[in-house]
Amino acid sequence: MSGDPLNGTTPEIAHRKGFYFELKAGERYLWCSCGRSKQQPFCDGSHKGTDFSPLKFKATRDDELLFCGCKNTLTGPFCDGAHTNLPGGSPLDDPESPENRAVALVADRNGPRAHLNGSCYVISPRLAEKTTRGNLSYAYLVNAELGSLYQTQILLEVSGGPSPIIGFGEREVILFIGAGKGNATISGKSFPVQTTDGVYIRPSEGLQLEADPGETLRVFVLACPFGELEWLEQMPDNFDSGQEQRVVCVDAEQRTEMGPRYFQILVDKRIGSRVITQFIGHIPPSKAAPHRHLYEEAIIILSGEGCMWTEDRKAKVAAGDVIFLPRKQLHSLEATSADGMDVVGVICPGDNPSINYYD
Ligand code: FES
């Protein structure tokens, strides 16, 4: 889809984000691909005289999805995130606009949490209640009790010898090594790990962590669907050798640009994860235009400072904090540090952090 916008070979950008829509099973839809329709995201016949034709789509089940509004998607009629790299850049928001100046700062915390709109919150793990088992301490940061539908996020800290053996039942699990160096043993197979690595554990496999001498391993665990840690007497002998690669490292060559931001996918379906996707990214000093996602997300702030905004609340965030973002929650993450912020995000269920919408 490229060419001269004046001769009908380039689509017009109708909307710079996806259009949220609730499909009905058996209904047919005619998606506008030229961008000229006045009935977005659907065709009103305005493509006549251009090189474009509307795309027919029949829903096989009741569902909700995002139709592409920018008409640059490669997976029409659906949004594939191409709108984040349109000419003219990604839409930003002015934190000093009159509307934004009226947004209240949540200064009070409920324990470790600052509550925003919906069930969105910012949690400081250093203030969270920790439980100890042997040489392992752990704290639940995201779970059903705190508003999550799909995931549990737990912070583990281990030093001085092998940790107790942990099971996760039939859940998919992704780890992020927040600090330290050591080994992650997955159902008997050991992998060296270090800060910023992502690690994938298949359902029913066991985990044992061991920090190198003098190190403390700080590990964020994200399990889907949600559930509690299980303590195993012995390491299960069920490493899935059909999926040998389990550790993904940061690699600048693998970055995807997203306007002025960029991200690198760490663990996702390429190494077997079916419902969870983990990425590491950078946000330059800026405030993204408010938007929503169809997935649930947990974001760990790795460096820098900023602000998490929802409809009429905002909370400061800094390195070490974790943000829980429910599905469909309007939000905008602003980096205020001169060097921006580095973050790790885990989306669930989902596989593309560029896909979003605004209505
Ligand atoms: S709106 Fe076109 S790719 Fe998202």
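1. Let's start with strand β9, residues 136-142, which gives the most to the lining of the second largest pocket: three residues. Keep in mind as you read on that this is a predicted model. That pocket has a volume of about 250 Å³. Its lining comes to 13 residues, and Glu-129, Ala-139, Tyr-140, Asn-143 and Leu-146 are the ones nearest the centre. Sorted by class, the lining of the second largest pocket holds seven nonpolar, two polar and four charged residues.

2. β9 also turns up in a sheet. Seven strands make up this open sheet, running β8-β9-β10-β17-β12-β15-β19 with antiparallel pairing. At the edges sit β8 (131-133) and β19 (247-248), each of which pairs on one side only. If you want one pairing to look at inside the sheet, try β10 (residues 152-158) and β17: they run antiparallel and are joined by seven bridges. One pair to pick out there is Ile-154 with its bridge partner in β17, Val-221.

3. Now for what is packed inside. Which residues touch the most other members of the largest nonpolar core? They are Leu-141, Phe-176, Phe-220 and Ile-276, out of 27 residues in that core. The elements giving two or more residues to this core are β7 (121-123), β9, β12 (172-179), β17 (217-224), β24 (296-303), β27 (322-325) and β29 (341-348). There is also a second, separate core of 26 residues, with Tyr-138, Val-199, Leu-217 and Ala-223 among them.

4. Ile-276 deserves its own point. Leaving aside residues up to four places away in sequence, Ile-276 touches Glu-172, Val-173 and Ile-174, then Leu-222 and Cys-224, then Val-267 and Asp-268, and finally Val-346, Ile-347, Cys-348 and Gly-350.

5. Next, have a look at β24. Why is β24 said to be largely enclosed by the rest of the structure? Because six of its eight residues are buried. β24 pairs with β29 in the antiparallel sense, over seven bridges, and four bridges join β24 to β27, again running antiparallel. Glu-297 shows both pairings: its bridge partner in β29 is Ile-347, while in β27 Glu-297 stands opposite Leu-325.

6. On to the enclosed spaces. How many cavities of 30 Å³ or more does a search of the whole structure find? It finds three. The largest cavity holds about 440 Å³ of space. It is lined by 30 residues, and those closest to its centre are Met-258, Arg-261, Ile-283, His-291 and Pro-353. Two or more lining residues come from each of β21 (261-265), β22 (277-283), β24 and β29. β22 has the largest share, with four residues. As for class, the lining of the largest cavity has 17 nonpolar, ten polar and three charged residues.

7. Last, the largest pocket, which has a volume of about 440 Å³. There are 17 residues in its lining, and nearest its centre lie Asp-63, Glu-64, Leu-65, Leu-66 and Leu-294. The lining of the largest pocket splits into nine nonpolar, three polar and five charged residues.

8. If you only have a minute with the structure, I'd go back to two strands. β9 is among the elements that give two or more residues to the largest nonpolar core, and β9 gives the most to the lining of the second largest pocket. β24 also gives two or more residues to that core, and β24 is one of the elements giving two or more residues to the lining of the largest cavity.

Technical notes: Residues are numbered from 1 along each chain as its sequence is written. This is a predicted model: local features need pLDDT of at least 70, side-chain atom pairs count only at pLDDT 80 or more; totals for chains, interfaces and linings use all residues. Side-chain values use heavy atoms; hydrogens and water are left out. On a 1 Å grid over the protein atoms alone, a cavity is a set of points where a 1.4 Å probe fits but cannot get out, and a pocket is an open set with protein on both sides within 12 Å along at least five of seven lines; lining residues have an atom within 4 Å of a point. Grid points are joined across faces, edges and corners, and a volume is the space filled by probe spheres set on the points. Ala, Val, Leu, Ile, Met, Phe, Trp, Tyr, Cys and Pro count as nonpolar, Asp, Glu, Lys and Arg as charged, and the others, Gly among them, as polar. A nonpolar core is a set of buried Ala, Val, Leu, Ile, Met, Phe, Trp, Tyr and Cys residues joined through side-chain atoms within 4.5 Å. Buried means under 20% relative accessible area, exposed over 50%, partly exposed in between (1.4 Å probe, protein chains only). Contact means heavy atoms within 4.5 Å. Two strands pair if DSSP finds at least two bridges between them.
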